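Welcome, and please open the structure in your viewer. We will begin at the ligand and then move on to one of its neighbours.

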Amino acid sequence: MALDYLKLNDTNSILIPADDLHKQVSAILQGVGTPEAHAEITAKILVSSSLRGVETHGVGNAVRYSESIEQGEYTVPQSVDVITETDTTALLSCGDGLGFVAAHQGMEMSIAKARKHGVGMATIRDGHHIGMVAAYPMMAVAEDMIGMAMTNASKAVRPALGARPRVGTNPIAFGAPAGEERDFIFDMATSTIASGKIALAKRLGVQMPVGWAVTAEGEPLTEPRGDRGEDWAMNPLGGTREQGSHKGYGLGLVVDILCGVLSGGGFGTQLSAGENMTWTMAIDIAKFRDVDDFKAMMDDMIRELHDTPPLPGEDRVLVAGDPEADFQEDRLANGVPVENSQYDEMRARAIQLGVEIFI
Ligand SMILES: NC(=O)c1ccc[n+]([C@@H]2O[C@H](COP(=O)([O-])OP(=O)(O)OC[C@H]3O[C@@H](n4cnc5c(N)ncnc54)[C@H](O)[C@@H]3O)[C@@H](O)[C@H]2O)c1
């Protein structure tokens with residue numbers, strides 16, 4: 001998270017070791033009937049997100065998922081079914097359960113297909129939230145592959161030139177391995193920011209900058225909203241006509257097409273809040289060229305970029321994945337900040353469910 005004023009600090013959060021957070025998230029999910037293997041996959045991705053500074057998609061969400069399970073919005077135990085499959089493609093159903101589990105399986109299948117045939121992809125319907133999308137391309141990168149994943153969401157973003165929300169925040173994540181440098185891990189909402197940052201701004205009591213959202217009249221909205229409605233909308237990436245809002249809008253629809261239309265699971269206005277369809281892809285670099293040569297060229301590219309003189313007032317030029325890798329180094333050593341209110345919620349939920357307390 002590159003926004004200083006949304007940073008967690010000693011006052012608004014408490015530091016917890018990542019291992020304890022993992023155990024607590026897994027225990028809460030198992031406490032509402034999630035099978036251990038599925039709870040472990042979900043906990044791993046949520047903790048990775050918190051470690052990487054993407055707290056909007058981190059451990060604080062475990063309570064919400066456990067409530068969705070309890071209320072029957074999510075089905076657990078879920079069955080991730082393969083509906084159609086070829087050597088290189090798969091259409092999966094998430095079984096209306098935890099999105100993390102199906103997205104993880106989709107990327108595992110994509111990697112296995114890529115290992116044999118050079119490329120593999122899966123599109124997944126009947127799904128829910130998959131969290132920080134980078135988690136899935138990172139699985140491919142760990143196997144010396146290029147990975148890509150996207151997920152669509154219910155309407156929150158206005159089309160370019162439009163005055164009502166019609167598209168989800170529809171993130172795209174792409175990863176490629178480097179050699180001595182850090183891997184390239186690019187993960188972005190196709191809106192100006194992820195909606196989680198609006199929720200975080202609201203919880204931290206800070207205003208939104210001009211450019212994140214507008215009213216139905218097109219006026220900038222700076223008071224963070226906790227609701228979704230027709231009277232305001234998030235801006236597509238680019239924000240204005242002059243700054244290229246049609247590009248963010250177009251990318252958002254690419255996500256809707258690969259995740260929602262190709263799977264049959266539905267696009268923005270067809271989804272209810274919490275429904276998300278997903279697409280994963282892996283490309284086996286070794287089928288194209290020597291992997292070490294690929295990584296050496298990645299290193300050259302990254303070093304060239306890092307060596308670019310920064311603008312006045314800026315410290316250094318970054319490459320995607322740098323901010324999150326910096327957070328992870330610090331948080332593995334010093335603990336993961338958890339917002340005070342989310343810490344209280346997690347403990348209260350664990351006590352309510354009668355599961356072991358680890359935090
Ligand atoms: N599951 C969902 O429904 C959903 C929906 C929307 C967003 N999300 C998630 O929200 C998270 C945050 O999204 P976001 O769009 O707010 O991300 P962001 O703006 O914080 O970062 C986007 C990308 O830019 C890179 N970056 C940041 N500063 C940089 C710099 N100066 N130079 C080069 N690269 C830089 C980051 O490494 C990251 O890859 C993502 O993990 C995304 O997957 C999930």
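Start by selecting the ligand in this predicted model. Its surroundings comprise 23 residues, and those that come nearest are D187, A189, K197, G321 and E324.

Next, colour those surroundings by class. You should find 13 nonpolar, seven polar and three charged residues in the shell around the ligand. Which elements each supply at least two residues of this shell? Select β7 (184-188) and α9 (322-334) to see them. β7 gives the most, with four residues.

Now show side chains and look for N and O atoms facing the ligand's own polar atoms. At E324, a side-chain N or O atom is 2.6 Å from an oxygen atom of the ligand. Two histidines pair with ligand nitrogen instead: the distance is 3.2 Å for the side chain of H57 and 3.3 Å for that of H129. Taken on its own, the ligand has 870 Å² of accessible area, and the protein covers 81% of it.

Stay with H57 for the last stop. Follow the chain from α2 (36-51) towards α3 (62-70), and you will meet H57 in the loop between them. Is H57 buried or exposed? Its relative accessible area is 15%, which is under the 20% cut-off, so H57 counts as buried.

Finally, select what surrounds H57. Its side chain makes a polar contact of 2.8 Å with the side chain of T56. Beyond neighbours within four places in sequence, H57 is in contact with L46, S49, H129, G131, M132 and A194. H129 is thus a residue you have already visited, through its 3.3 Å pairing with a nitrogen atom of the ligand.

Notes
Residues are numbered from 1 along each chain as its sequence is written. This is a predicted model: local features need pLDDT of at least 70, side-chain atom pairs count only at pLDDT 80 or more; totals for chains, interfaces and linings use all residues. Side-chain values use heavy atoms; hydrogens and water are left out. A residue is near a molecule or strand if one of its heavy atoms lies within 4 Å of it. A polar contact is a pair of N or O atoms within 3.5 Å; within protein, one must be able to donate a hydrogen and the other to accept it, and residues adjacent in sequence count only if both atoms are side-chain atoms. Accessible areas come from the Shrake-Rupley method with a 1.4 Å probe; for residues, only the protein chains shown count as cover. Ala, Val, Leu, Ile, Met, Phe, Trp, Tyr, Cys and Pro count as nonpolar, Asp, Glu, Lys and Arg as charged, and the others, Gly among them, as polar. Buried means under 20% relative accessible area, exposed over 50%, partly exposed in between (1.4 Å probe, protein chains only). Contact means heavy atoms within 4.5 Å.
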